[in-house]
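Reader: I am new to this structure and would like a close look at a single part of it. Please take me through that part slowly, and explain each term as you go.

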Amino acid sequence: MAQNVTNVSQTEEVSSTRRVIAASSVGTLIEWYDFYIFGTLAKIISEQFFPKDNPTAALLATLATFAAGFVIRPFGALFFGRLGDLIGRKYTFLVTLVIMGGSTFAIGLVPGYKTIGFFAPAIVFALRLLQGLALGGEYGGAATYVAEHSPAGQRGFWTSFIQTTATLGLFLALGVILLVRQTLGVETFSDWGWRIPFILSSLLVGVSVFIRMRMSESPMFVKMKKEGKTSANPLAESFKKKDNLKMVLIALLGATAGQGVVWYTGQFYALSFLQNACNVEFVQSNMIISIALLIGTPFFIVFGALSDKIGRKYIMMAGMLIAVLSYKPIYQMMYDSANLKNKIEVVEKTTVETKEAVKGTDTVTTTVTKKTFADGTTFKETKKLTVPLDEAKKAELAAKDKLKPETKKEVTLPQDLYYKMIGYVLIQVIFVTMVYGPIAAFLVEIFPTRIRYTSMSLPYHIGNGVFGGLVPLISTRLVEATRPAPGLPPADPLAGLMYPILIASVSFVIGMLYISNKTNNMDVE
Amino acid sequence: MSAIKKLFGILWSLMGIGIIPLVIMQAMKEIAAKPSEENWIFWSIVIVVLMPIISFSLITFGVFALKGEYDVLE
């Protein structure tokens, strides 16, 4: 009889933990989705909201906005972390979800630069900041909430479901974007269809808010509140007290900084490298990333669960070390797979088509060159030259050396190279799962309950938002620095890897030397 | 192990201090060579956001390590 009661109680506990995981994960996944659609559509957003006179400046402005979205995250971590330690986890991460959903929905409705001028980028910038702020508060809340519901000894396993949401959120964002783009066609998508993924967010957030409203507060927080042990000033307690500050620093330098760059390299830089350095066609490059993410995602749970058995430290450190050692060879192989210089052209299949049309006050000449290679790779180059009909304007642009065609290069890989490329990205996703799978459990366990939300959120968002979030900006810049002249290919397309390799190396050494491999029981203190 | 942790503490602090002139000099050099909007934005982000975080955290962490604050974490 007693045995039956124990079994029923255990089953109820597992079932309740599952409900907590599902409700928390869905909301966090949607927040990541909201956050990623902006980054994935950076190019279109730059065309819609930033002046077109200088495309590089427009793209950089978007990247800066992207970075702002990341850089603001630590502030969200502080603001909402403090709130979560004062009033509770449940209401705080409900508020972050509503802010995120609202700002994403609003981005989808903002009129373009052509319609409202400077207000367009200003509003988008403000909304992007709100997104960053909300995300800063969300993750720490979800991880803390799940960890505080999880049985001791299984925290790595249960929190790893929260860890899958960042990757699944990206997967969902890529999937929705590809689906809408394929359904509407490229032109309509670039015109207004890109707004759909943003607007769709309101529906997803609505469902998630409904689910979260029905959840109960974290049992550890409730107990602590009942005993009057909550912190009166979580910020001061987290960052002014030496004993806690030293843990914040070790979490940042020994874990989250390295984890952040490994994560962003494996998921975002890989996509950017495929599209910009390898010129792999838009749909194919996104499919490569999506498939690799989908196959790799279960490993978050594998490594999360494994960390319950052998400790968090060595799994995270192994992920960093292998990433540092293998990034260059992996990216070299990716580059070689798509490099047309290594391929034999089937000259008889080459076609060149030129079309000329008058659009408004300009003549637009489009030249499309298609090439086929012996291994099945196809290459398409589209050159679009816009020349004003007005002779004076034409002469003025020619004098400024601005009469240059816009060039778009697209490489479509054959089946075998496509699978190889998925393999190269998948290896990087595995590194991501090693460093990221156990990290939520690691972070929640090194801080006491009364200031956990605040203390764990800050190093997480500095590591991921600042160190990781700046990977695309800094790596692109490092590659650009090796370009001998505008229009020529960079001398070292792998130069961008220097930044993640350096940060992950330092993080590895610090982590190995100073982080303990022991996990704690995370009692209310 | 404690001695190594302390010794490395000096290294982290020196790295945190050394990074400041290194980044500022590189920024000045690149902006002087090409004072474009791109350069200004990029170096502003590095100097205002990234550099202070790296320097402050490395210096403080190094000092803590040197004082033996992390010796108990085994």
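Author: What follows is a walk along helix α13 of chain A and its surroundings, with a shorter look at the sheet and the chain contact afterwards.

This is a predicted model, in which local features need pLDDT of at least 70, side-chain atom pairs count only at pLDDT 80 or more, and totals for chains, interfaces and linings use all residues. Residues are numbered from 1 along each chain as its sequence is written, while chains are lettered from A and ligands numbered from 1 in the order in which they are written.

Helix α13 of chain A covers residues 242–277, where helices (H or I, at least four residues) and strands (E, at least two) are DSSP runs numbered from the N terminus. Two packed helices are described by the angle between their axes and the distance between the axes. For α13(A) and helix α20 (residues 452–468) of chain A, the angle is about 35 degrees and the axes are 7 Å apart; axes here are lines fitted to C-alpha atoms, for helices over the stretch in contact, and angles run from 0 to 180 degrees between N-to-C directions. The crossing of α13(A) with α20(A) is right-handed, a term used if the near helix is turned clockwise from the far one by less than a right angle, and left-handed if anticlockwise.

Contact between two residues is taken to exist if their C-beta atoms, placed from the backbone, lie within 7 Å. On the α13(A) side the residues that meet α20(A) include A:Asn244, A:Val248, A:Trp263 and A:Tyr264, and on the α20(A) side they include A:Ser455, A:Leu458, A:Tyr460 and A:Phe467. By class, this contact has 12 nonpolar, 8 polar and no charged residues, with Ala, Val, Leu, Ile, Met, Phe, Trp, Tyr, Cys and Pro counted as nonpolar, Asp, Glu, Lys and Arg as charged, and the others, Gly among them, as polar.

A:Gly254 is also found in α13(A), and A:Gly254 is buried because 29 other C-beta atoms lie within 10 Å; a residue is buried if 20 or more other C-beta atoms lie within 10 Å of its own, exposed if 12 or fewer, and partly exposed in between, with C-beta atoms placed from the backbone. Not counting residues up to four places away in sequence, A:Gly254 touches A:Ser507, A:Ile510, A:Gly511, A:Tyr514 and A:Ile515. A:Ile515 is 261 residues away from A:Gly254 along the chain, and their C-alpha atoms are separated by 7.0 Å.

Before α20(A), in the loop between α19 (439–446) and α20 of chain A, comes A:Phe447, which counts as buried because 23 other C-beta atoms lie within 10 Å. Leaving aside neighbours within four places in sequence, A:Phe447 is in contact with A:Met247, A:Arg452, A:Ser455 and A:Met456. By contrast, A:Phe447 and A:Val432 are 15 residues apart in sequence and 24 Å apart in space, C-alpha to C-alpha.

The loop between α13 and α14 of chain A holds A:Asn279, a residue other than glycine whose phi is positive, near 55 degrees. A:Asn279 is partly exposed, because it has 19 C-beta neighbours inside 10 Å. Helix α14 (residues 282–296) of chain A has 15 residues and reaches 21 Å from its first C-alpha to its last, close to the 21 Å expected at 1.5 Å a residue, the expected span being 1.5 Å times one less than the number of residues. Its buried residues, among them A:Ser285, A:Ile288 and A:Leu293, pack against α8 (155–184), α13, α15 (298–310) and α18 (415–436) of chain A.

Elsewhere in chain A, 4 strands form an open antiparallel sheet in the order β1-β2-β3-β4, where two strands pair if DSSP finds at least two bridges between them. β1 (351–359) and β4 (406–412) stand at the edges with a single partner strand each, so one side of each is left without a neighbour in the sheet. A:Thr367 in β2(A) has A:Thr354 opposite, and A:Thr367 also stands opposite A:Lys383 in β3(A).

Finally, the contact between the chains takes 19 residues from chain B and 19 residues from chain A. On the chain B side, α2(B) gives the largest share, 12 residues.
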